[in-house]
Amino acid sequence: MSQPNEKLQPPAIDPARVLTAKRIKHTRVTEVMSELDTLIYTGSQDSILLVCGPTGAGKTTLSRHMVEAALEKGRSQMEANGGVIPAVYVEAPSSGENNFSWRLFYRRILSQLGDDLEAPKMLYGVDNETGRAIRPRNATGNSLAALRTAVERGLRERQVQFLVIDEAAHIIRQTRGNHRLEIQLDTLKSLANQCGTQMVLVGSYDLYLLVSLSAQLARRTHVLHFERYRDDRPEDVKAFGACVLAFERTLLNLWGGQLTQYTKPLLENTLGCVGTLSSVLIRAAKLAEAAGSWSVDSLERALLTEAQRKRILEEIIDGESAIGPSFTRVMPKIKRAPG
Ligand SMILES: Nc1ncnc2c1ncn2[C@@H]1O[C@H](COP(=O)(O)OP(=O)(O)OP(=O)(O)O)[C@@H](O)[C@H]1O
Ligand SMILES: [Mg+2]
């Protein structure tokens with residue numbers, strides 16, 4: 001039992017939890033968000049936008065943040081018209097079957113939109129604490145066509161400006177042949193056109209590789225590259241260093257100001273991916289906690305192994321070299337009329 005004059009101890013903080021909750025608005029996030037913000041608008045012809053980048057760059061985190069920011073921005077509109085949901089996030093299901101399960105996918109969208117489309121609009125709004133949309137539940141429709149119609153209607157009625165589809169490679173990976181591939185993306189495109197909702201497809205480089213298989217698709221999609229921070233670009237090294245500093249400041253007592261001196265090895269080990277950096281630091285914090293105090297040993301043990309790093313790097317190099325040359329947009333020279 002505590003004595004009356006005994007000082008109350010502050011609640012112990014859980015370093016891993018604090019790091020997990022931390023969100024850094026770093027340079028790449030700002031760049032990609034700003035490009036998406038510019039390209040997402042009512043009446044846009046870009047029905048499909050593709051966000052590609054290495055695993056662990058922070059694509060899922062960015063996508064969720066985009067949707068939360070759109071809901072926050074549309075808060076007054078949502079409060080005035082309870083039916084409006086400006087943005088929706090879904091993860092494309094990996095069904096484990098040969099073909100992509102559109103049924104499961106449509107159901108996921110419907111559950112984000114509020115399945116019972118006849119529900120009183122009063123039920124929709126923004127939760128004051130979380131800033132997220134509050135939606136009623138319950139499923140409707142059984143056949144694939146009924147589901148699709150319900151999705152179309154839902155997106156239109158809720159005036160969804162953009163739908164983020166994370167892990168979008170699942171939609172086309174389970175598809176054989178360019179023709180089928182085009183049909184899959186055509187389905188999304190027509191959904192977008194029917195509802196005036198832009199589709200933001202998010203994934204690792206495999207998504208880009210799949211889409212670039214078809215010239216038709218390549219022509220119609222706008223690609224945004226969520227790149228890693230590269231150690232051969234001074235501005236990237238600086239921006240990555242700012243992320244390490246932000247993580248250091250989040251838990252000053254744990255690292256004791258010792259983290260930023262390891263920026264270079266951290267950049268090398270995590271391949272300049274902020275999500276991977278976060279995972280390494282969370283592990284390091286856990287190991288430090290178990291050991292009783294922080295030491296560089298905890299950090300070393302938390303790093304990716306050389307085999308892991310090599311595997312991820314191979315994927316990055318493949319992706320960057322595929323996206324790289326084609327990503328450079330060249331303005332054709334305009335011939336001037338003589339005289
Ligand atoms: N900007 C950020 N600030 C702090 N932590 C972040 C940030 N971005 C990502 N993280 C953390 O890194 C982890 C991995 O990020 P995320 O899942 O977004 O990466 P990803 O690019 O989607 O990876 P994958 O391609 O494997 O799906 C997340 O658990 C998240 O907490
Ligand atoms: Mg992800």
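**Exercise 1. The chain as a whole**

What area does the chain expose, and what percentage of it do carbon and sulfur atoms supply? State also the secondary structure, the buried share and the share of long-separation contacts.

*Solution.* The structure is a predicted model.

Step 1. The exposed area of the chain is about 18600 Å², and carbon and sulfur atoms supply 51% of it.

Step 2. The secondary structure consists of 16 helices and seven strands.

Step 3. The chain has 339 residues, of which 46% count as buried.

Step 4. Consider the contacts with a separation of 6 or more: residues 24 or more positions apart account for 75% of them.

**Exercise 2. Helices α5 and α6**

Describe how α5 packs with α6, giving the angle, the handedness and the residues in contact.

*Solution.*

Step 1. Helix α5 covers residues 102-113 and helix α6 covers residues 144-157. Their axes are 9 Å apart, and the packing angle is about 35°.

Step 2. The crossing of α5 with α6 is left-handed.

Step 3. On the α5 side, the contact is made by Trp102, Arg103, Tyr106, Arg107, Ile109, Leu110 and Leu113. On the α6 side, Leu144, Leu147, Arg148, Ala150, Val151, Gly154 and Leu155 take part.

Step 4. Sorted by character, the residues of this contact comprise 10 nonpolar, one polar and three charged.

**Exercise 3. Helices α11 and α14**

Are the axes of α11 and α14 roughly parallel or roughly perpendicular? Justify the choice, then examine the contact.

*Solution.*

Step 1. Helix α11 spans residues 234-250 and helix α14 spans residues 274-291; their axes come within 11 Å and cross at roughly 30°.

Step 2. Angles under 35 degrees count as roughly parallel, so α11 is roughly parallel to α14.

Step 3. The handedness of this crossing is right-handed.

Step 4. The contact brings Phe240, Cys243, Val244 and Phe247 of α11 against Val274, Leu277, Ser278 and Leu281 of α14. Seven of the residues in this contact are nonpolar, one is polar and none is charged.

**Exercise 4. Cys243 within α11**

Which residues is Cys243 in contact with, once its neighbours within four places in sequence are left aside?

*Solution.*

Step 1. Cys243 is located in helix α11.

Step 2. The relative accessible area of Cys243 is 1%. Buried means under 20%, and Cys243 is therefore buried.

Step 3. With those sequence neighbours set aside, the contacts of Cys243 are Ile24, His26, Val274 and Leu277.

Step 4. Val274 is 31 residues from Cys243 along the chain, and their C-alpha atoms are separated by 7.4 Å. Both Val274 and Leu277 also appear on the α14 side of the contact with α11.

**Exercise 5. Helices α13 and α14**

At what angle do α13 and α14 pack, and which residues meet?

*Solution.*

Step 1. The packing angle of α13 and α14 is about 115°, with the axes 9 Å apart.

Step 2. The two helices α13 and α14 are therefore roughly perpendicular to each other.

Step 3. The crossing of α13 with α14 is right-handed.

Step 4. Leu266, Asn269 and Thr270 of α13 meet Thr276, Leu277, Val280 and Leu281 of α14. The contact has four nonpolar residues, three polar ones and no charged ones.

Step 5. Helix α13 covers residues 263-270, and its buried residues include Leu266, Asn269 and Thr270. Thr263 and Leu267 of α13 are buried as well.

**Exercise 6. Two residues with positive phi**

Where do Gln159 and Leu271 lie, and is each buried or partly exposed?

*Solution.*

Step 1. Most residues other than glycine have a negative phi.

Step 2. Gln159 is not a glycine, yet its phi is positive, at about 50°. Gln159 is in the loop between α6 and β5. With a relative accessible area of 42%, Gln159 is partly exposed.

Step 3. Leu271 is likewise not a glycine and has a positive phi of about 60°. Leu271 follows α13 and belongs to the loop between α13 and α14. At a relative accessible area of 4%, Leu271 is buried.

**Exercise 7. Val223 in a strand**

Which strand holds Val223, and is Val223 buried or exposed?

*Solution.*

Step 1. Val223 belongs to strand β7, which covers residues 222-225.

Step 2. The relative accessibility of Val223 is 10%, so Val223 counts as buried.

Step 3. Val223 and Val200 are 23 residues apart along the chain, with their C-alpha atoms separated by 9.9 Å.

Definitions and conventions. Residues numbered from 1 in each chain as written. Chains lettered and ligands numbered in written order. Predicted model: local features only at pLDDT ≥ 70, side-chain atom pairs only at ≥ 80, totals over all residues. Heavy atoms only, no water. Axes fitted to C-alpha atoms, helices over the stretch in contact; angles between N-to-C directions. Helix = DSSP H or I, 4+ residues; strand = E, 2+ residues; numbered from the N terminus. Parallel < 35°, antiparallel > 145°, perpendicular 65-115°, else oblique. Left-handed = near helix turned anticlockwise from the far one by under 90°. Contact = heavy atoms within 4.5 Å. Nonpolar A, V, L, I, M, F, W, Y, C, P; charged D, E, K, R; others polar. Buried < 20%, exposed > 50% of the residue type's maximum accessible area, 1.4 Å probe, protein only. Areas by Shrake-Rupley, 256 points an atom, 1.4 Å probe, with all protein chains shown as cover.
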